[in-house]
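Thank you all for making the time this morning. I would like to walk you through one model, and I will try to keep to what can be read from it.

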Amino acid sequence: MGRIFGEVKAAFVKDFRIYFRYPSWIASEFVTLPAWFLLFAIGVASWVPKGQVTTTLGSSTIFNFFYWGFIFLIVFSTSIWGIGQYIRTEQLQGTIEQLFLAPISRVTIILGRFARTFLTDMAIIAYTAILLGFLSRERVAVENPLGLALVFAFLELAVLGFGLIFAAVTFRVKSFNFLANLTQFAVIGLCGVFFPLSILPDPVRTVSLAIPFTYLADLMRYTAAGQAAGTTTILDPTLEFSIAAVLSIAIFVVGLAYFKATEKSAQRRGSIGTH
Amino acid sequence: MTSLGETLDPLRAIFRKQIRHLFRYPGEVIFLFIIPYFLTALVVAMGVSVGGTNAFGNFASQTGSSLNPFVFLMIGSGVWMISWLILESIGTSLRDEQIKGTLEQNFLAPINRFLLLVGTALSQIVITSLMFAGIIVASVLLLEPRGAPGLILAFGILMIGLLPLFGLGFVFAGLVVRFKEPYAFTQAMNVLFAVVTGTFYNVTVLPAWVRYVSAAVPMTIVIQDMRLAVESINLLIGAFGSIFILLTMGIVYPFLGYSLFKQFERRAKVSGDLSKY
C-alpha cells in the first residue's frame, strides 16, 4: 500500500512540476474558460427578453443554469484532455517505453495525473465562480451541498474510468484530437449539459438516457440549483442517485479492466510507442 | 535586381507546401467545417430551451436582425472559425518550422522572409473560400434564399477582412518569436475575439468599454457587414462607412503587424533566440 502511495505521489509531483513549467498555459486556461462561458451565456441571453426569467428555467437565472453545466464540462474534459491524453503525451515525449520498463503500474501514474488535474480543476472552478460572479453580479448558489459533494464524487469516479478507456483507445487510434473533440461535442449535445433533454427528439433522447454522464449532469444541476429553483430530475431523485452511483462504479471498473487489457495487447504487438 | 519570376517561384513553392500540409490531415479539415454547425446548433438549442415559445421573437428584437437565427449565428461562427484558422496558421507558422527543424534553413535561404508569411497567408485564401462556401453559402441558400445575392458582397467583405487579419497574424507570429508559447496565446486570443466580435449576438449588448475593444477588431465589422449584406443590400449601403474603416484597417494592420514582427525577429537574431523553444 505504501509503495502504491509513493508511486502515486511521485507521479503527482512530476505532473505538477510539468504543469507549472508552462505558466502561459495556466494563464491561457484561466482566461479561456471564463471566456467560453461568457460567449455562450451572452449568446443565449439574446433569446430571452431582457431581465425576464422564462418558464423553462423556473426561478433560476440563466447564469446559475449554465454555470453548473459549464462546471460539469470542465470536470468531464479532464477525462479526455487530462487522463486520456496521458498515453499520447508520453508517446510524443518519447518516454512511454521507459515507463513501461519501470517496475511500476501505469494506473498509478494515471492516478497521480488525475490527482493533479482534480486540484487544478477545483482552482479553476473557484476562480471562475468568483470572476463570473464579479462580472455578472450573480452569486453561485448551492442548494444541497452534501448532495452536490456526492454527485461530484460519482462524477470524478466516472471521469477517471472514462479517462482510462480513452487512454487505452489512444493505443489503437492515431487521430487523438479528432476523437477527443468528437467525444466532447457528443457529450455536450447528448447529455443535456446546457439544455433540458425534453427539447431533443425521441430517438435522440433514448440515446441520451443510455449515457451515464446524462444522469450526472442532471443531478449536478439539481443538487446545486435545487428543486426550489425549478430544476427537476429526469427520474425520481433517489432512483437517479442510485443509478448514477452504480453506473459510475461500472465505468471505473470497465475502464480499469479495458486499460490493462489494451496495455497488455499493445505490449504483445509492440505498438506501445507507435502514434 | 530580382525578376518577378524569381519572386514568384518561392511564393508558389510556399503556397503549394502549405496547401499540401493543410489537406494532409483530412479529419481535421472536415472538423473545421463541422464545428460552426455544431456550435450554432448548440446555441439555438440552448436559446430555444431558455427562451420558450417566444425565443425567435426575442432573438430578433435583441439582435435587431430579421435574419433566420441559424443563418445569423452561422455567419458569426463561420467568420470566427476562419479567423481562428488564419491567426493560428500565421501565428504558429514559425513554431511549426522550429519543431520540424526547418526554421534555420528557411532563414538561410536567399528569399525574403516576408514571402514566407505571404505564401502562408495566400494559402489561407483557398481554405477561407472553401469554408465560406461550406458554412455560410450553404446555410444561406438553405434557410435564407432571399439573401443569396448578398453573398457576393459578403464574400467581398470577408476578403477585405482577411487583410487586417493577416496583420494580426503577423503580430501573433512576432509574439511567438519573443515569448515562445504560441498555442496558449492564440487559443486565449481567439476565444476572447469570439466574445468581443459578437459571434453569437449583436455587439450592442456588450458593455460600452468592451465595444471600444470590439471596434478595433476587424472581425467585428466583417461579421456585422456580412449579416447586413445577406439581410438586405440596402442595409449594407447604409453602413458603407464601416467598409472604409475595414479598408483602412487592411492597410494599417498588415504594415504595423509586419513592423512589429521584424522588430521581434531582429532582437531574436541578435540574442540567438530564433531557434529556441
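**The core and the two chains**

Let me begin with the largest nonpolar core, which has 148 residues, and in which the residues with the most contacts are Ala158(A), Leu216(A), Met220(A) and Met226(B). Helix α7 of chain A, residues 145–172, gives the most to this core, namely 16 residues. If you would like one residue to centre your view on, take Met220(A), which, leaving aside residues up to four places away in sequence, touches Trp68(A), Phe72(A), Leu148(A), Val151(A) and Leu155(A). As a general remark, nonpolar side chains in soluble globular proteins tend to be buried together.

I should say early on that what you are looking at is a predicted model. For the complex, the predictor gives an ipTM of 0.86 and a pTM of 0.83. In chain B the mean pLDDT is 85, and 97% of the residues score at least 70.

Now to the chains in turn, starting with chain A, which has 11 helices and zero strands. Its C-alpha trace spans about 60 × 40 × 35 Å along the principal axes. A compact globule of 275 residues would have a radius of gyration near 19 Å, and the 20 Å of chain A agrees with that. Of the 275 residues in chain A, 41% are buried, and if we consider the contacts in chain A with a separation of 6 or more, 80% of them are accounted for by residues 24 or more positions apart.

Chain B, for its part, has 13 helices and zero strands. Its radius of gyration is 20 Å, close to the 19 Å that the globule rule gives for 277 residues, so chain B is as compact as a globular protein of that length. The C-alpha trace of chain B spans about 65 × 40 × 35 Å along its principal axes, and 45% of its 277 residues count as buried. Among contacts in chain B with a separation of 6 or more, residues 24 or more positions apart account for 81%.

**Where the chains meet**

How many residues of chain B are in contact with chain A? There are 32 of them, and they are in contact with 33 residues of chain A. On the chain B side, the elements that give two or more residues are α2 (26–51), α3 (55–63) and α9 (182–196). The largest share of that side comes from α2(B), with 13 residues. By residue class, the side of chain B that touches chain A divides into 20 nonpolar, 10 polar and two charged residues.

While we are at helix α2 of chain B, let me point out Gly27(B), which is found in it. Gly27(B) counts as partly exposed because it has 13 C-beta neighbours inside 10 Å, where 12 or fewer would make a residue exposed. Gly27(B) and Leu73(B) are 46 residues apart along the chain, and their C-alpha atoms are separated by 24 Å.

**Helix α5 of chain B, and a residue before it**

The last region I want to show is helix α5 of chain B, residues 93–100, whose buried residues are Ser93(B), Leu94(B) and Gln98(B). Why do these residues lie on the same side of α5(B)? They do so because they cover an arc of only 145 degrees around the axis. On the other side of α5(B), Ile99(B) and Lys100(B) are exposed. The buried residues of this helix are covered by elements of chain B including α4, α6 (103–108), α7 (113–143) and α8 (150–179). Just after α5(B), Gly101(B) takes a positive phi of about 80 degrees.

A word of caution belongs here, since α5(B) has the lowest mean pLDDT among the elements of chain B, at 72, while helix α11 of chain B, residues 218–231, has the highest, at 94. Where pLDDT is low, the predicted coordinates should not be read in detail.

Finally, in helix α4 of chain B, residues 69–91, we find Glu88(B). With 19 other C-beta atoms within 10 Å, Glu88(B) is partly exposed, since a residue needs 20 or more to be buried. Glu88(B) is 65 residues from Phe23(B) in sequence and 16 Å from it in space, C-alpha to C-alpha.

Definitions and conventions:
Residues numbered from 1 in each chain as written. Chains lettered and ligands numbered in written order. Helix = DSSP H or I, 4+ residues; strand = E, 2+ residues; numbered from the N terminus. Contact = placed C-beta atoms within 7 Å. Nonpolar A, V, L, I, M, F, W, Y, C, P; charged D, E, K, R; others polar. Arc of directions from axis to C-beta. Rg over C-alpha atoms; globule rule 2.2 N^0.38 Å. pLDDT = per-residue confidence, 0-100. Core = buried A, V, L, I, M, F, W, Y, C linked by C-beta atoms within 7 Å.
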